[in-house]
Amino acid sequence: MRRIVPVGPYHPLQEEPEFFKLIVEGEKVVGLEINIGYNHRGHEFISPKMTYEQVTFLVERICGICSNSHPFAYVMAVEDCAHIQVPERALYLRTINHELERIHSHLLWLGLAGHFIGYNTVWMWSWRYREPVLDLFELITGNRNHYAMNKVGGVRHNISEEQIPIIEKVLLDIETKVNMLTKAVLDDPVLRARLENVGVLTKKDAIAYGVVGPTARASGVAIDVRKDDPHGAYDRVNWDIIVFEEGDVLAKAKVRLLECIESVKIIRQCLAQMPKGEIETRVSEIPPGEGIGRTEAPRGEVFHYIRSDGKNSPFRHKIRAPSYMNIPSNEVAVKGYSIADACLILAAVDPCYCCTERIVAFEDNKMKYSGKDLLQLSLKKTEELKAKYKGRNKLTL
Amino acid sequence: MRPLEQELISKFPEIKIYEHSPRRLYITIPKEKITEVSKFLFFQHKLRLSICSGIDTRDGFEILYHFSDDPTGTYYTLKTLVPKDDPKIDSLAPWLPACNWIEREMHELLGIEFTGHPNLIPLLTAESWPKDKYPLRRDFEPDITLEDDFQERTKL
């Protein structure tokens, strides 16, 4: 007998609006229907109403995790349209920022995957090691998320000589920790039992659904925009594509972990090779035409298409985030597995989240709340709640 | 000229190829040929469908199919023009699952009919969204403008 298990519209674990209708026979999943669009923000509609400069900030806010990849692809689309040459140093700076983002995103996914299967040690470890990367972003760009690094024709923030030793120290730390984590994940019998041969996406399906990024590479499809369509400084450094043939969740985890090590390699070489000089060129106008920009975000290929009619704002701006291609492949990946595995399989393509958790409020040019004040506010709130529910049974609170 | 380009021209003489920049090719084809050319690119040359996009232009709806040739990093963008009074084109979704969502999206946001699509229901818009309003068409007028919305939200 067939039954339907609805998951969503507000996903209990992934904290984002999407609706999965699992069709089950007993414990076994036999079908999946996906509904999205609960949080459609209409970027493609808003973008033609803004200037080229403003759109950079708009697309940065598509995603809080890959907030470098969208503006990166967008500025490359505009540069392709207008045939703008970017200074060499800016290419390296873009690459460094992009790879740091990959490290923090992959560690975030690993933590969540651990959390989904109830292995909270992995979660706490990997999020602890992710934290220094966010601090590096704050050092380089001034923000932990939404870095505002890219602009048409160059970048906004430079890396000074004094910052390089700090970055290298953090990189060394990440490398040892990720190596340790990789060994721990691969050796742990519990993790292997939950991840191995679960949610297999075959190579044939991966090609038919056009999946991208780690999801494709874990299924034996060796595509990586950084290698195939070199941009930034990726053709000037040595690194490898990580490909596994199995297609299960373990392979996806392995791809992501080993990619962190490759990212560390890329950043090290970039820091060593980076030439001195300008970090931006002056852009006078965008001529009529069209341009395509793409880059490898942590989740796969980000695609931006720009059509210009010579005005100050784009005539048409098409955006395709990697999860748009990856999520439909769940339809085949989840079939035949149990409901308990479905939770992890649906998360294995790493659907996008937003993690802008810190706030800073300014009043009369003075910071309103410091970290201490926020803690005090939080404690105050807890006290209030305690007072409100005083005398009630703890369980009902 | 690339081997794939030459093959395309000899096989489909009616197409026009334009190279905007290295690794970015735009190929204009008539809309009747879309299934034939896409099948040729996907099955014979193993190109990956990256995404499609629809544009409302003065001459009609332009539909672009961005095929990516990953070993060379080249984009082959197929360009077709669909007339505004009868916006219909063959669907690729029956044999290419990668096309499923984007065709549904173009159907609801631009109002293009994809004949042969297995499940042409709205993807992104709410169920209550009016059926004859297409937000990505140039003549679409939103009920509230961005400026009004900003004024509304910043009112104290």
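**Two chains, question by question**

Student: In S2(B), which residue is the bridge partner of Ser21(B)?

Tutor: This is a predicted model. Look at strand S2 of chain B, residues 24-28. In S2(B), Ser21(B) has as its bridge partner Arg24(B).

Student: How many bridges join S1(B) to strand S2 of chain B?

Tutor: S1(B) and S2(B) run antiparallel. The pair of Ser21(B) and Arg24(B) is a bridge between residues of these strands. The number of bridges joining S1(B) to S2(B) is 5.

Student: Which residue in the turn between S1(B) and S2(B) has a positive phi?

Tutor: S1(B) and S2(B) form a hairpin. There are 2 residues between the strands. In that turn, the residue with a positive phi, about 70°, is Arg23(B).

Student: How many helices and strands does chain B have?

Tutor: Read the elements from the N terminus on: α-β-β-α-β-β-β-β-α-β-α. Each α is a helix and each β a strand. The count for chain B is 4 helices and 7 strands.

Student: What part of chain B counts as buried?

Tutor: The C-alpha trace of chain B spans about 65 × 35 × 30 Å along its principal axes. A residue counts as buried when 20 or more other C-beta atoms lie within 10 Å of its own. Of the 156 residues of chain B, the buried part is 35%.

Student: In chain B, what share of the contacts with a separation of 6 or more comes from residues 24 or more positions apart?

Tutor: Take the contacts in chain B with a separation of 6 or more. Then pick out those between residues 24 or more positions apart. Their share is 47%.

Student: How many residues of chain B are in contact with chain A, and which element gives the most?

Tutor: 26 residues of chain B are in contact with 28 residues of chain A. Strand S1 (16-21), strand S3 (48-56) and helix H3 (100-110) of chain B each give two or more residues to that side. The most, 6 residues, come from S3(B).

Student: By class, what makes up the side of chain B that touches chain A?

Tutor: Sort the residues on that side into nonpolar, polar and charged. The classes hold, in that order, 14, 8 and 4 residues.

Student: How far apart are the end C-alpha atoms of residues 27-141 of chain B?

Tutor: UniProt, in an unreviewed entry, places "domain: NADH:ubiquinone oxidoreductase 30kDa subunit" at these residues. The span is 19% helix and 30% strand. The end C-alpha atoms of residues 27-141 of chain B are apart by 32 Å.

Student: How much of residues 117-282 of chain A is helix?

Tutor: UniProt lists residues 117-282 and 284-358 of chain A for "domain: NADH-quinone oxidoreductase subunit D", in an unreviewed entry. Over residues 117-282, the end C-alpha atoms are 51 Å apart. Strand makes up 2% of residues 117-282, and helix 57%.

Student: How far apart are the C-alpha centres of domain 1 and domain 2 of chain A?

Tutor: The domain assignment gives domain 1 as 42-329 and domain 2 as 364-397. Their C-alpha centres are apart by 37 Å.

Student: Why does His146(A) count as buried, partly exposed or exposed?

Tutor: His146(A) is in the loop between helix H5 (120-141) and strand S4 (150-151) of chain A. Its phi is near 50°, positive in a residue other than glycine. His146(A) has 17 C-beta neighbours inside 10 Å, so it counts as partly exposed.

Student: What is the phi of Ala148(A)?

Tutor: Ala148(A) is in the loop between H5 and S4 of chain A. Ala148(A) is partly exposed, with 17 other C-beta atoms within 10 Å. Ala148(A) is not a glycine, yet its phi is positive, at about 55°.

Methods: Residues are numbered from 1 along each chain as its sequence is written. Chains are lettered from A and ligands numbered from 1 in the order in which they are written. This is a predicted model: local features need pLDDT of at least 70, side-chain atom pairs count only at pLDDT 80 or more; totals for chains, interfaces and linings use all residues. Two residues are in contact if their C-beta atoms, placed from the backbone, lie within 7 Å. Ala, Val, Leu, Ile, Met, Phe, Trp, Tyr, Cys and Pro count as nonpolar, Asp, Glu, Lys and Arg as charged, and the others, Gly among them, as polar. UniProt positions are given in the numbering used here, feature names are shortened, and annotations may be inferred rather than shown by experiment. A residue is buried if 20 or more other C-beta atoms lie within 10 Å of its own, exposed if 12 or fewer, and partly exposed in between; C-beta atoms are placed from the backbone. Two strands pair if DSSP finds at least two bridges between them. Domain bounds come from an automatic or database domain assignment.
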